[in-house]
Amino acid sequence: MEKTLLLIKPDAVQRNLIGKILSIIENEGFEIIDLEMENISREKAEAFYSVHKDRHFFSGLVDYIVSGKTVIVLLQRDDAIKYLRQIVGRTNPINAVNGTIRNMFGQTLRRNSVHASDSKKSADYEIQIFFKENT
Ligand code: CMP
């Protein structure tokens, strides 16, 4: 079994999509190991997205993620990291395949509803930011 991290971002929380997204996740065979909802601090957001710190969109990304509540979900499944990325879909909702979460709910590249860890290394790093006891 492998662990991965899902964020349900402020745009999706604000549009009452938490239940719909978690239902998709559960129906796809993921076990929800832990979950919390918080207003992520700027410090945590900057650490979480530190891989993008030199990109032009970094400050806008951090401003957006701290703008409202985010649901942080620790998940487990066989091949969890790759499988979650598949059902989440491409980063820009315009490019996301029909039926993927970002295709169904994403609004723009920034307001793309969810984040999913993209590798074992980033999953380990991202999980310990929110769930220290699970690493
Ligand atoms: P996420 O999977 O959370 O990882 C980093 C986020 O940065 C990504 O989703 C997008 O929402 C955002 N992002 C990536 N590329 C760009 C870009 N070119 N302009 C604005 N935001 C971006």
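**View 1. Meet the residues around the ligand.** In this predicted model, the ligand is surrounded by K9, Y49, H52, H56, F57, L61, T91, R102, L109, R110, N112 and H115. Sorted by class, this shell is made up of four nonpolar, five polar and three charged residues. Try finding each of them in the structure above, starting with K9 and ending with H115.

**View 2. Polar atoms facing the ligand's oxygens.** Let us look at R102, L109 and N112, which are among the residues around the ligand. In R102, a polar atom of the side chain lies 3.0 Å from a ligand oxygen. L109 takes part through its backbone: a polar atom there is 2.7 Å from an oxygen atom of the ligand. N112 uses its side chain, where an N or O atom is 3.2 Å from a ligand oxygen. On its own the ligand would expose 460 Å², and the protein buries 83% of that.

**View 3. The pocket that holds the ligand.** Which pocket does the ligand take up? The ligand occupies the space of the largest pocket.

**View 4. A tilted pair of aromatic rings.** Three aromatic pairs are found in the structure, and F30 with Y83 is one of them. A pair of aromatic rings is described by how far apart the centres are and by the angle of the planes. The ring centres of F30 and Y83 are 6.1 Å apart and the planes meet at 40°, so this pair is tilted. The pair links distant parts of the chain, as F30 and Y83 are 53 residues apart. To find them, look for F30 in the loop between α2 (18-27) and β2 (31-38), and for Y83 in helix α5 (residues 80-88).

Key
Residues are numbered from 1 along each chain as its sequence is written. This is a predicted model: local features need pLDDT of at least 70, side-chain atom pairs count only at pLDDT 80 or more; totals for chains, interfaces and linings use all residues. Side-chain values use heavy atoms; hydrogens and water are left out. A residue is near a molecule or strand if one of its heavy atoms lies within 4 Å of it. A polar contact is a pair of N or O atoms within 3.5 Å; within protein, one must be able to donate a hydrogen and the other to accept it, and residues adjacent in sequence count only if both atoms are side-chain atoms. Accessible areas come from the Shrake-Rupley method with a 1.4 Å probe; for residues, only the protein chains shown count as cover. On a 1 Å grid over the protein atoms alone, a cavity is a set of points where a 1.4 Å probe fits but cannot get out, and a pocket is an open set with protein on both sides within 12 Å along at least five of seven lines; lining residues have an atom within 4 Å of a point. A molecule sits in a cavity or pocket if more than half of its atoms lie within 2 Å of its grid points. Ala, Val, Leu, Ile, Met, Phe, Trp, Tyr, Cys and Pro count as nonpolar, Asp, Glu, Lys and Arg as charged, and the others, Gly among them, as polar. Rings of Phe, Tyr and Trp (its six-membered ring) pair if their centres lie within 6.5 Å; planes under 30 degrees apart count as stacked, over 60 as edge-to-face and the rest as tilted. Helices (H or I, at least four residues) and strands (E, at least two) are DSSP runs, numbered from the N terminus.
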